[in-house]
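I opened a new notebook page for this chain and set myself two topics to look up, one helix and some charged pairs. My entries follow in the order in which I made them.

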Amino acid sequence: MLITGESGVGKELVAYAVHKQSQCVDGPFIKMNCAAIPEDLIESELFGNEKGAFTGATERRDGKFLQADGGSLFLDEVGDMSLRVQTKVLRVLQDGEFQRVGGKETLRAEVRVIAATNRDLEEMVKDGTFREDLYFRLNVLPIQVPPLRERSDDIPLLINHFIKRYCVKNNRRVLTVEPALSEALKKYAWPGNFRELQNLVERLIILADDNEIKKTDLPASFLNNSQAPSATKPGSKTLAEVREEAERHYILACLESCDNNVSQTARMLGMERTNLHKK
């Protein structure tokens, strides 16, 4: 199964829902973020390693495939996996067999593999950065998760859901929401999707002075509904200047939605962390 969609739309929640409704429900649900693990360690994370297989391998350990035996393995950000590792994952998906790093014993695992990405794997296949055979193997059942801006009617329901969760977490009485606040948030473009909404609601609860969250409690960026630069008089700027303004506005909005976490923002934007630092 391949779940696609922008960063923050809830792909992991979809994967977990699939696991809970499957015949693997009594087995483990093992998660792995392929973008968060260094290239030289990802193979060990997936397949395990023998003691002494590499520097720092002080004991034999099982990888994610063996940990997920009888259950589901969720491979998040699968588009960030190197071609070398893609080849080995494809082999496991085809015959169910693998070896630990540094080992000779052939191991087997019965695993439901659910992959997710915010990248365009079809374009990556054309560019030669993602194996076509692995793409077709993962894409047996595709699920496209829509962004929050296409589901604006869900926003009031989600706000109430997050309010209940974070009021309990912060030991607060459940707050009410001014209708004008929900209407304002329905017009916002949500570059960070559901994760951005969740972070915003938690912030509003922590800073709330009374038992109602009002539109005036919103940060200024949420009151400015447009995610694009304001209309520019023809001839007043070059195309490069307009493009740079739009890019700057979007990057700042994504940074704010991630509480200025640069690594998380880079993943949201689909770019390298070092390139985002340069921007």
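The entries below deal with helix H12 and then with salt bridges, and I note at the start that the model is predicted.

**Entry on helix H12**

I began with helix H12, which runs over residues 262-269, and looked up its buried residues, which are Gln264, Thr265, Ala266 and Met268. I then asked myself which helices the buried residues of H12 pack against. I found helix H9 (193-207), helix H11 (239-257) and helix H13 (273-278) as their packing partners.

Next I looked at the two ends of the helix. At the N-terminal end I found Asn261 as the cap of H12, with a side-chain oxygen 3.2 Å from the backbone nitrogen of Ser263. Just after H12 I came to Gly270, and I wrote down that Gly270 has a positive phi of about 70°.

**Entry on Arg100 and its partners**

I turned to the salt bridges, for which the count comes to 22. I picked out the one between Arg100 and Glu50, in which the closest N and O atoms are 3.6 Å apart. This pair links distant parts of the chain, since Arg100 sits in the loop between strand E4 (97-98) and strand E5 (107-108), while Glu50 sits in the loop between helix H2 (39-47) and helix H3 (64-67), 50 residues apart.

Are these two residues buried or exposed? I put down Arg100 as buried because its relative accessibility is 8%, and I put down Glu50 as buried because its relative accessibility is 15%, with buried meaning under 20%.

I also looked up the salt bridge between Glu105 and Arg100, where the closest N and O atoms are 3.9 Å apart. Glu105 has a relative accessibility of 44% and therefore counts as partly exposed. I closed this entry with the network of salt bridges that links Glu50, Arg60, Asp62, Arg100 and Glu105.

**Entry on Arg119 and Asp80**

My last look-up was the salt bridge in which the side chains of Arg119 and Asp80 meet, at 3.5 Å from N to O. This pair, too, links distant parts of the chain, with Arg119 in the loop between strand E6 (112-117) and helix H5 (121-127) and Asp80 in the loop between strand E3 (72-76) and helix H4 (83-95), 39 residues apart. I noted Arg119 as partly exposed because its relative accessible area is 35%, and for Asp80 I likewise wrote partly exposed, with a relative accessible area of 35%.

Conventions. Residues numbered from 1 in each chain as written. Predicted model: local features only at pLDDT ≥ 70, side-chain atom pairs only at ≥ 80, totals over all residues. Heavy atoms only, no water. Buried < 20%, exposed > 50% of the residue type's maximum accessible area, 1.4 Å probe, protein only. Helix = DSSP H or I, 4+ residues; strand = E, 2+ residues; numbered from the N terminus. Contact = heavy atoms within 4.5 Å. Polar contact = N/O pair within 3.5 Å; in protein donor to acceptor, adjacent residues only side chain to side chain. Salt bridge = Lys/Arg side-chain N within 4 Å of Asp/Glu carboxyl O.
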